[in-house]
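Visitor: I am new to this structure, and I would rather see one part well than everything in a hurry. Please pick a spot and walk me through it slowly.

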Amino acid sequence: MYYRSSDGQQILDACAGLWCVAAGHCREEITSAVSAAMSKLDYAPTTQFAHPLAFEAAAKVAKLMPEGLDRIFFTNSGSEAVDTALKIALAYHQARGENQRIGFIGRERSYHGSGFGGTSVGGVSVNRKAFAGALLPHVHHMPSIHNLEHNAFSRGQPTWGAHLADDLEKLLALHDPSTIAAVIVDPMAGNVFIPPQGYLQRLREITAKHGILLIFDEVITAFGRLGKATASAFFDVTPDLLTMAKAINNGTVPMGAVAAHRRVYDTIIANSAPGEADLYHGYTYSAHPTAAAATIATLDLYQKEGLFERAASLAPAFERAAHALRDAPHVKDIRNLGLCAGIELESRPNGIGERSQEIFDGCFEAGVLIRHAGDFVAFAPPLIIEEAQIEQIFDTVRKVLMSVK
Ligand SMILES: Cc1ncc(COP(=O)(O)O)c(C=O)c1O
């Protein structure tokens, strides 16, 4: 649960590194599996064939995915997983003879990584600005689901806002649904934007109606963050493609993946020409033996220690502790789901982000690592956290909030 700073102070990790370290730091079960893999097989390609650890890791990941999404494509990061999912969507429609489906729909303020595909479907304006002229064409964005007027201080899923999914129908009417390959959303975003009740269900209905693939970007939600293996399981909405990374192997070795519905996979395979690759896409380090070994050991550990269930059982205490800061200075919104919470702060006039930087610094000095961006701070601790540590995090934040101007 802890880092140690360069001056020797113990720092409680309130954000699992960067949403990665779900089982806590330096777990011997994982490091010894990685070490054993490295001494046995340092590298092997996984393009035309693969090594046993790659298959074992794929089978273990597939077991945790929603029904039907049992075909796994390994990447080295969440960004690569997103770009891979977008390319699979295009390949799927091409295999079905619908070559005109080349458009994508993302959502304002969603983050989908740093690749050109992810930046294009992403809706974070500062991330797009320097590259705006060269992003993918045929990409449109639904409006953000963030609305403080209706949903500030919601506990869990807000009740207001399912109708925001109907904006997808408006976009489709404008751009012609038969030209759209996929809709991509993060079921819960890193800035803790939580889908209103019924919103994801509605997106699923609309995409299915128009033959459009639905991609859930679960880079931060897969592997227990919401108390289930996936956000898809938590919300009971099944996408066609699901991207993951980070907690897939507890952040130990770079790895991401896409889970594709068997129907999508079979369509692409059935239409590939004999002697040709099924999908001309892949990475040198896909399913690297160390990453695969780390994944196998990590997923075993999650199961052995019941960490997804643990996250679910701690979620009410986490919610109570986070929302207890409602009356603290500068607090504009608190939102939470599973073992995850975010606090939005009033910005200083002409000083956006200053307050959250000071809160980050103050918490660090007081021995707690949080995450901040803009005037927003996020909490997503390892799933092994104890209730006393939850109290410590939010008590520290309260004290620092009181001291910041
Ligand atoms: C939802 C989402 N998608 C994609 C990414 C990109 O992942 P990576 O940084 O591993 O490339 C992130 C990273 O935080 C993310 O939160």
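Guide: Gladly! One term before we set off: a helix here is a DSSP run of H or I with at least four residues, and helices are numbered from the N terminus. Keep in mind, too, that this is a predicted model.

Let us begin at the ligand. It is surrounded by 15 residues, and the closest are Ser77, Gly78, Ser79, Gly113 and Val219. Helix H4, which covers residues 78-95, gives the most to this shell, with 3 residues. By character, the shell holds 8 polar residues, 5 nonpolar ones and 2 charged ones.

Now for the close look: strand E8, residues 241-244. Leu241 and Thr243 point one way from this strand, while Leu242 and Met244 point the other way. Why this switching of direction? In a regular strand, side chains alternate between the two faces of the sheet. Whichever way they point, Leu241, Leu242, Thr243 and Met244 are all buried.

Next, meet the strands that pair with E8. Strand E7, residues 213-217, pairs with E8 in the parallel sense, over 3 bridges. To find this pairing on the model, look for Ile215, which stands opposite Leu241 in E8. Strand E9, residues 256-260, pairs with E8 as well, but here the sense is antiparallel and there are 4 bridges. A good landmark for this second pairing is Met244, which stands opposite Ala257 in E9. So you can trace E8 by two of its residues: Leu241 faces Ile215, and Met244 faces Ala257.

Definitions and conventions. Residues numbered from 1 in each chain as written. Predicted model: local features only at pLDDT ≥ 70, side-chain atom pairs only at ≥ 80, totals over all residues. Near = placed C-beta within 6 Å. Nonpolar A, V, L, I, M, F, W, Y, C, P; charged D, E, K, R; others polar. Buried ≥ 20, exposed ≤ 12 C-beta atoms within 10 Å, placed from the backbone. Pairing = 2+ DSSP bridges.
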